[in-house]
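Please open the model in your viewer and keep the sequence panel beside it. The tour moves from one selection to the next and says what is found at each stop.

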Amino acid sequence: MVCAYSDSKMSTLAHTRIKMYRTVARQLHGVVPCWVCGKHVSLEDATLEHIQPRSEGGSSHQENLAISHAVCNHQRHAQQPA
Ligand SMILES: [Zn+2]
C-alpha cells in the first residue's frame with residue numbers, strides 16, 4: 001500500500017463515486033437509494049460509504065463501497081443518538 005498520494009487517492013474515490021452512481025442509476029432507472037436511509041440520493045449529495053470501515057481493514061474497492069447521503073454518512077460516523 002502506498003500512502004503518499006492522498007490527493008490522487010481522493011480523486012480516484014471521487015471518480016469511483018460518479019461511476020458507481022451512474023451504474024446504480026442505470027440499473028434502477030434513475031433511482032439511487034441511500035445505503036443508510038434508503039431514500040433517493042442526488043449526485044451532488046452522494047458520498048461513498050465504506051461498508052466495512054477502513055480502520056477495520058475494509059478496502060476501497062467497489063464491493064466494499066455503497067452510496068449514501070453526505071448527511072447520513074456523517075451521522076453514521078459520528079454515532080450520535082438520534
Ligand atoms: Zn440517506
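Which residues does V32 touch, not counting residues up to four places away in sequence? Select V32 together with Y21, V24, A25, H40, V41, A46 and I67, for these are the residues that V32 touches once that stretch of sequence is set aside, a contact being two residues whose C-beta atoms, placed from the backbone, lie within 7 Å.

Before going on, note that this is a predicted model, in which local features need pLDDT of at least 70 and side-chain atom pairs count only at pLDDT 80 or more, whereas totals for chains, interfaces and linings use all residues. Residues are numbered from 1 along each chain as its sequence is written.

Now colour by secondary structure: the chain has 2 helices and 2 strands, arranged along the sequence as α-β-β-α. Helices (H or I, at least four residues) and strands (E, at least two) are DSSP runs, numbered from the N terminus.

Return to V32, which is placed in the loop between helix 1 (6-27) and strand 1. V32 counts as buried because 23 other C-beta atoms lie within 10 Å; the term buried asks for 20 or more other C-beta atoms within 10 Å of the residue's own, exposed for 12 or fewer, and partly exposed for a count in between, with C-beta atoms placed from the backbone. Add R22 to the selection and measure from C-alpha to C-alpha: R22 and V32 are 10 residues apart in sequence and 8.7 Å apart in space.

Next, select V32, C34, V41, A46, L48, L65, I67 and C72, the 8 residues that form the largest nonpolar core, where such a core is a set of buried Ala, Val, Leu, Ile, Met, Phe, Trp, Tyr and Cys residues joined through C-beta atoms within 7 Å. At least two residues of this core come from strand 1 (46-50), and at least two from strand 2 (65-69).

Show the two strands alone: strand 1 and strand 2 run antiparallel and are joined by 5 bridges, strands being taken as paired if DSSP finds at least two bridges between them. Within this pairing A46 stands opposite H69 of strand 2, and 4 of the 5 residues of strand 2 are buried.

Finally, pick E44, which, like V32, lies in the loop between helix 1 and strand 1. E44 counts as exposed because it has 6 C-beta neighbours inside 10 Å, and its C-alpha atom is separated by 9.8 Å from that of I18, 26 residues away along the chain.
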